[in-house]
Amino acid sequence: MRVVVRGDLHDPSGPPPLLLLTGIGAHVEMWRPFAALTGDRPLIGLDVPGTGASERPLLPLWMTGFAALVSEALDELGVAVVDVLGYSWGGALAQQLAYDEPARVRRLVLCATMPGWGALPPRPVAAALLMTPVRYLHPTLLRLTLPHIAGGRTAREPAALRAQQETRLAHKPDLLGYAGQVFAVTGWTSLPWLHRLHQPTLVVAGEEDPTIPLANGRLLARRIPDARLIVVPGGGHLFLIDEPASVTAEILAFLDATG
């Protein structure tokens, strides 16, 4: 499993590392617009199995299996405690990790994500396009599909879409690996145990997200005991990529808060 580290993960005077968990089919380079605004905060990024430069597992994994692999990676790095930012599919993984390893996750940021089964589904076109990784395979397919999945600035401004093309197409997900991510989230739900997540949690949702409708962010913020919600005005599914300055300062303030 490919893991990328920035900064000193073991500085006792600094904040815990921020673990970044990507969306479906995505790879660590896609964090660059957000990471560029995080100063010198230590970061850990990884390509989950079957994406980016990570090998596909021999057998499909449940979400609990992905969470166990992430925990093993942190053990290899010698990191006992992290803050976690999960984006879209990675937000489901972040919830599972926080539930399975409560002592390991200090603070939780859930961006453009949902609680799985029982959530408000994507718009029909976005749902159909999410079942395939074609947006990672060819520039034309990316231009035809991504605006319907992303909404927000990516859909409104052709320049915002073009700015993502090179990075997104740099690492194509393994086709079976992508299917494995779909498998892991199919039937998965956090609704029965969200009330047991006691980490301070920030939920960030785009106002115009066609993939994860805003109602899902509101649901997460209501069900997690110590959570609050930020809505990105006009934001789509990719607000941390196409307009990261809209919310990064608030995310960092939340991570640095005391008490």
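**Exercise 1. Count the charged side chains in this predicted model, and find how far apart the centres of the positive and negative sets lie.**

Start with the tally: the protein chain carries 21 positive and 23 negative side chains. Next, take the centre of each set; the two centres are 7 Å apart.

**Exercise 2. Work out how the compactness of the chain compares with that of a globular protein of its length.**

First, get the inventory: 11 helices and seven strands make up the secondary structure. Then take the radius of gyration, which is 17 Å. The globule rule gives 18 Å for 259 residues, close to that value, so the chain is as compact as a globular protein of that length. For the dimensions, the C-alpha trace spans about 45 × 40 × 35 Å along its principal axes. Now look at burial: 55% of the 259 residues are buried. Finally, check the contacts: among those between residues at least 6 apart in sequence, 79% join residues at least 24 apart.

**Exercise 3. Find the residues that touch the most other members of the largest nonpolar core, then follow up on Leu 85.**

The core holds 72 residues, and the ones touching the most other members are Leu 19, Leu 85, Val 204, Leu 240 and Ile 251. Helix H3 supplies the largest share of this core, with six residues. Now zoom in on Leu 85. Leaving out residues up to four places away in sequence, its partners include Leu 19, Leu 240 and Ile 251. Also among them are Trp 31, Phe 34, Val 109 and Cys 111.

**Exercise 4. Which residues of helix H9 are buried, and what do they pack against?**

Go along H9, residues 214–223: the buried ones are Leu 214, Asn 216, Gly 217, Leu 219, Leu 220 and Ala 221. Then list the neighbours: these buried residues pack against helix H3 (89–100) and strands S5 (105–111), S6 (201–206) and S7 (227–232).

**Exercise 5. Two loop residues, Leu 58 and Pro 133: is each one buried or exposed?**

Take Leu 58 to begin with. Leu 58 sits in the loop between strand S3 (43–46) and helix H2 (63–77). Its relative accessibility is 84%, so Leu 58 counts as exposed. In space, Leu 58 lies 9.6 Å from Gly 177, C-alpha to C-alpha, though the two are 119 residues apart in sequence.

Now for Pro 133, in the loop between helix H4 (124–130) and helix H5 (139–150). Here the relative accessibility is 9%, so Pro 133 counts as buried. Setting aside residues up to four places away in sequence, Pro 133 touches Pro 173, Leu 175 and Tyr 178.

Technical notes:
Residues numbered from 1 in each chain as written. Predicted model: local features only at pLDDT ≥ 70, side-chain atom pairs only at ≥ 80, totals over all residues. Heavy atoms only, no water. Buried < 20%, exposed > 50% of the residue type's maximum accessible area, 1.4 Å probe, protein only. Helix = DSSP H or I, 4+ residues; strand = E, 2+ residues; numbered from the N terminus. Contact = heavy atoms within 4.5 Å. Rg over C-alpha atoms; globule rule 2.2 N^0.38 Å. Lys, Arg positive; Asp, Glu negative; His and termini not counted. Charge placed at Lys NZ, Arg CZ, Asp CG, Glu CD. Core = buried A, V, L, I, M, F, W, Y, C linked by side-chain atoms within 4.5 Å.
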